[in-house]
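I opened my notebook for a friendly stroll through some helices. Here is what I looked up, in the order I looked.

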Amino acid sequence: MNTLGRWARAEWGALYLAVREPLAKRRWRAVPMTVGAVCLTGLVQVAQNQPWGYRVVQNLGGVKAEDPLWLALLRTPLSLFVPALDLPVWGALAQILFVFGIAELCLGWWRTLVIAYVATLAGTLYARVGIALGPDHPIGLPASDAQVVDTGPSAAVVGLAVFLAGRYGAYVTAGAVIVAMVVEVALEDNLAGKEHLAAIAAVLVLCAWTAMRQRRSRARSTSGAPPIQS
């Protein structure tokens with residue numbers, strides 16, 4: 001095995017093994033939530049491009065920082081599956097299929113959704129904080145960003161990618177994703193880029209918390225005490 005092959009095995013071997021068995025046994029039946037999410041995103045895209053559908057989709061899943069917080073939180077679950085109108089929908093569908101699919105195979109559907117929504121919610125809440133800080137603050141945003149429609153799966157995808165990479169020891173991959181998001185902000189200082197960084201920060205906290213619980217569980221098991229239930 002050449003050097004590149006050994007590196008790939010060390011970087012992605014654990015993740016590959018976690019994905020291979022359930023996918024080989026059940027194929028698409030192993031990722032029902034992902035398939036449903038792709039179908040839902042496609043249906044929302046079709047609906048919001050109809051004369052009657054745009055306002056309906058915005059009322060149910062359109063999030064803006066100028067909205068009341070309770071309304072933004074109410075719309076956040078669907079907002080994840082509302083593709084941005086100025087971007088090709090196939091990009092959102094591919095992101096969901098690939099990253100959500102791997103996450104569902106490795107973590108299960110409900111953990112995947114929890115992490116996805118933690119990342120999305122971190123971005124949504126950051127937008128409000130950034131606007132309050134103002135454009136002169138290093139992590140601030142201009143007031144005009146309060147009117148930007150803030151939807152789509154990108155923050156969730158970034159968060160899931162970092163979580164999976166950290167959980168399965170693909171640290172170079174996790175670092176590459178983080179660096180790519182930092183470069184995105186450096187090149188184009190916009191709301192979406194900074195929300196991606198907020199999503200990464202939230203997921204890193206979640207990773208640290210998960211690792212701490214696992215260490216405590218192993219310590220309790222070694223000492224003979226009952227393990228912590230997750």
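**Helix 4.** I began with burial in helix 4, where I found Leu 71, Ala 72, Arg 75, Thr 76 and Ser 79 buried. Do they share a side of helix 4? Which arc do they cover around the axis? The arc is only 145°, which puts these residues on the same side of helix 4. The general rule helps here: an α-helix has 3.6 residues a turn, so residues three or four places apart point the same way. I then turned to the other side of helix 4, and there Trp 70 and Leu 74 are exposed. The cover over the buried residues of helix 4 includes helix 3 and helix 6. A reminder to myself: this is a predicted model.

**Thr 124.** Next I visited helix 6, where Thr 124 lies. I asked whether Thr 124 is buried or exposed. Its relative accessible area is 6%, so I noted Thr 124 as buried. Leaving out residues up to four places away in sequence, I listed what Thr 124 touches: Val 63, Thr 76, Asp 150 and Glu 195. Thr 76 was already in my notes as one of the buried residues of helix 4.

**Helix 2, length and faces.** I checked the length of helix 2 against expectation. At 1.5 Å a residue, its 17 residues should span 24 Å, and the end C-alpha atoms are 24 Å apart, so the two agree. I then looked up burial and found Met 33, Thr 34, Ala 37, Thr 41, Val 44, Gln 45, Ala 47 and Gln 48 buried. Viewed down the axis of helix 2, these fall within an arc of 160°, so they line one face. Pro 32, Leu 43 and Val 46, on the other side of helix 2, are exposed. As for partners, the buried residues of helix 2 pack against helix 3, helix 4, helix 5 and helix 6.

**Helix 2 on helix 3.** I picked out one of these pairings. Helix 2 and helix 3 pack at about 130°, with axes 7 Å apart. That angle makes helix 2 oblique to helix 3. Helix 2 brings Val 44, Ala 47 and Gln 48 to the contact, and helix 3 brings Gly 53, Tyr 54, Val 57 and Gln 58. Sorted by class, I have 4 nonpolar, 3 polar and no charged residues there.

**Arg 27.** My last stop was the loop between helix 1 and helix 2, the place of Arg 27. Phi of Arg 27 is near 50°, a positive value in a residue other than glycine. With 59% relative accessibility, Arg 27 counts as exposed.

Note on methods. Residues are numbered from 1 along each chain as its sequence is written. This is a predicted model: local features need pLDDT of at least 70, side-chain atom pairs count only at pLDDT 80 or more; totals for chains, interfaces and linings use all residues. Side-chain values use heavy atoms; hydrogens and water are left out. Axes are lines fitted to C-alpha atoms, for helices over the stretch in contact, and angles run from 0 to 180 degrees between N-to-C directions. Helices (H or I, at least four residues) and strands (E, at least two) are DSSP runs, numbered from the N terminus. Angles under 35 degrees count as roughly parallel, over 145 as roughly antiparallel, 65 to 115 as roughly perpendicular and the rest as oblique. Contact means heavy atoms within 4.5 Å. Ala, Val, Leu, Ile, Met, Phe, Trp, Tyr, Cys and Pro count as nonpolar, Asp, Glu, Lys and Arg as charged, and the others, Gly among them, as polar. The expected span of a helix is 1.5 Å times one less than its number of residues. Buried means under 20% relative accessible area, exposed over 50%, partly exposed in between (1.4 Å probe, protein chains only). The arc is that of the directions from the helix axis to the C-beta atoms.
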